[in-house]
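Good morning, and thank you for coming. I would like to take you through one structure this morning, step by step. Please look at the sequence and the model as they appear.

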Amino acid sequence: MNSNTALSVSNIIQQAIQTVKKGKIPFIQVVAGGHAIIILASLLLGQANPFNSDPAQHPFLYIIWSLLTAAVTILMMVSAIFVLKNTQQNTPVTWKEALRFAASRFWKVLGAFLWYMFLLWVVLLVFALIALALVVLVYSISPSANILVGLVAAVAAIWLIITAMMLALCRIYAVVIDDVGVFEALAYSRRLLKNKYWKTLFAAFAIFVFIFIFSTLVGILQVFLFPLYLVNTFLGIAGTWLLAFPCTVLNSVIGLGLVYSLYTSIKQTEQDNTTASN
C-alpha cells in the first residue's frame, strides 16, 4: 500500500469497518460498559452531575462525578484501543484482558494527557502575549492596521488549535499502542505527522465532520426527551441517558474505530516513506 492510499478517507473507513467487525464483541462490551458506568454514576449522584443543575450547589459530589467520569473514560478508551490493536494483529482478547491492560496503562496515559495540557496552556499563553504585544505595537503606529493583525492572529490561532488537536490524537494512541513514554509522546507524534500534515489534516477533518454530524443527531434526540424533566428530575436523567444510550455507544464505536484506523494509517505512511527512502 503506497502512502497516498494509506491516508485516503476511503481506506481509513474500510480499515475501521474491517477491524471493528472482527473485534466487535469485546469492543462493544468495553464501550457499552464504560458508558453504562457513567450513566449509573449520573443517576446515583443525581443533582451533582452537570446535566441537571448548577455544580456549585453540590461541589464535593460534582468533583467525585467528574473524577469518576474521567477515569472511566480513560479506561474505556485504552481498553477499546487495545482490543482494536490485537484484533488487527489477529490476536483477539476478551474485555477483561483489555480492562487489565487499561488499568496497567492508566497512570501513564493520564500523565501524558496532563503533560500535554500543561505544554498546550504554556504555548497558548505565549501566543496570546505575543499577539497582544503586536496589537499594541501596530495600534501605536497605525490604528487602521489592527484589523489585519487581528485576522492574522485569528488564522494563526485556528492553525494552532488544529495542530494541537492532531498532536493530541496521536499522543494517546502512541502511548497505548507503541508504549511511548509520557514525555516522548509529543515528539513522537510530531515525527509521525512530519511531511504528511496536510494529508492527515484532510483525513481527520472528514472523519470529525462525520462524527460531529452523528453526535448532533444524538444531541437532537436528547433535546426531544427534555420534557421528561418536567415530569420528574430522576426520570428526565434516566430517560435521556437510557434512550440515547444505543446512539451514544454507536457514536463512540464509530469514533474510536475511525480514529484508530487514522492513526494506524499515519504509521503505515511513515513506514512506507522510510522504506522508500532506504
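Let me begin with a term: a residue counts as buried when its relative accessible area is under 20%, as exposed when that area is over 50%, and as partly exposed in between. By that rule, 42% of the 278 residues of the protein chain are buried. Please keep in mind that this is a predicted model.

First, the overall fold. The protein chain contains 10 helices and 0 strands. Read from the N terminus, its elements therefore form the series α-α-α-α-α-α-α-α-α-α, with helices and strands being DSSP runs numbered in that direction.

Let us now look inside. Ala 80 belongs to helix α4. Is Ala 80 buried or exposed? Its relative accessible area is 0%, so Ala 80 is buried. Ala 80 also has a partner from another stretch of the sequence: Phe 27 is 53 residues away along the chain, yet the two C-alpha atoms are 5.6 Å apart in space.

I turn next to the largest pocket. Its space amounts to about 890 Å³. Which residues lie nearest the centre of this pocket? They are Thr 73, Met 77, Ile 172, Phe 208 and Leu 256, out of a lining of 26 residues. Several helices share in that lining: α4 (59-88), α5, α6 (146-177), α8 (197-224) and α10 (233-277) each contribute at least two residues. Sorted by class, the lining of the largest pocket comprises 19 nonpolar residues, 6 polar residues and 1 charged residue.

From the pocket we move to the surface. A nonpolar patch there covers about 880 Å². Its members are Trp 115, Phe 118, Val 122, Val 126, Ile 130, Leu 134, Leu 137, Ile 141 and Phe 183. Let us take Phe 118 as an example. Phe 118 sits in helix α5, which spans residues 95-141. With a relative accessibility of 48%, Phe 118 is classed as partly exposed.

Now a word on the backbone. Most residues other than glycine have a negative phi. Two residues in this model deserve attention on that point. Asn 90, which is not a glycine, has a positive phi near 60°. Asn 90 is found in the loop between α4 and α5, and its relative accessible area of 58% makes it exposed. The second residue is Asp 179, also not a glycine, with a positive phi of about 55°. Asp 179 is placed in the loop between α6 and α7 (185-193). At a relative accessible area of 43%, Asp 179 is partly exposed.

Asp 179 brings us to the charged pairs. Side chains of opposite charge can pair when their charged atoms come close. How many salt bridges does the structure hold? There are 3.

One of them joins Asp 179 to Arg 105, with 3.4 Å between the closest N and O atoms. This pair links distant parts of the chain, since Asp 179 is in the loop between α6 and α7 while Arg 105 is in helix α5, 74 residues apart. Arg 105 is buried, at 14% relative accessibility.

Asp 179 also forms a salt bridge with Lys 108, where the closest N and O atoms are 2.5 Å apart. Why does this pair tie together parts that are 71 residues apart in sequence? Because Asp 179 lies in the loop between α6 and α7, whereas Lys 108 lies in helix α5. Lys 108 is partly exposed, and its relative accessible area is 23%.

Another salt bridge runs between Asp 178 and Lys 267, with the closest N and O atoms 2.6 Å apart. Here too the pair links distant parts of the chain: Asp 178 is in the loop between α6 and α7, Lys 267 is in helix α10, and 89 residues separate them. Asp 178 is partly exposed, with a relative accessible area of 23%. As for networks, Arg 105, Lys 108 and Asp 179 are joined into one by salt bridges that share partners.

To close, I would ask you to find Asp 179 in the model once again. It has a positive phi, and it pairs with Arg 105 and with Lys 108. Thank you for your attention.

Methods. Residues numbered from 1 in each chain as written. Predicted model: local features only at pLDDT ≥ 70, side-chain atom pairs only at ≥ 80, totals over all residues. Heavy atoms only, no water. Patch = residues over 30% accessible without salt bridge, like charges linked within 9 Å, V, L, I, M, F, W, Y side chains within 5 Å. Areas by Shrake-Rupley, 256 points an atom, 1.4 Å probe, with all protein chains shown as cover. Salt bridge = Lys/Arg side-chain N within 4 Å of Asp/Glu carboxyl O. Helix = DSSP H or I, 4+ residues; strand = E, 2+ residues; numbered from the N terminus. Buried < 20%, exposed > 50% of the residue type's maximum accessible area, 1.4 Å probe, protein only. 1 Å grid on protein atoms, 1.4 Å probe; cavity = no way out; pocket = protein on both sides within 12 Å on 5 of 7 lines; lining within 4 Å. Points joined across faces, edges and corners; volume = space filled by probe spheres on them. Nonpolar A, V, L, I, M, F, W, Y, C, P; charged D, E, K, R; others polar.
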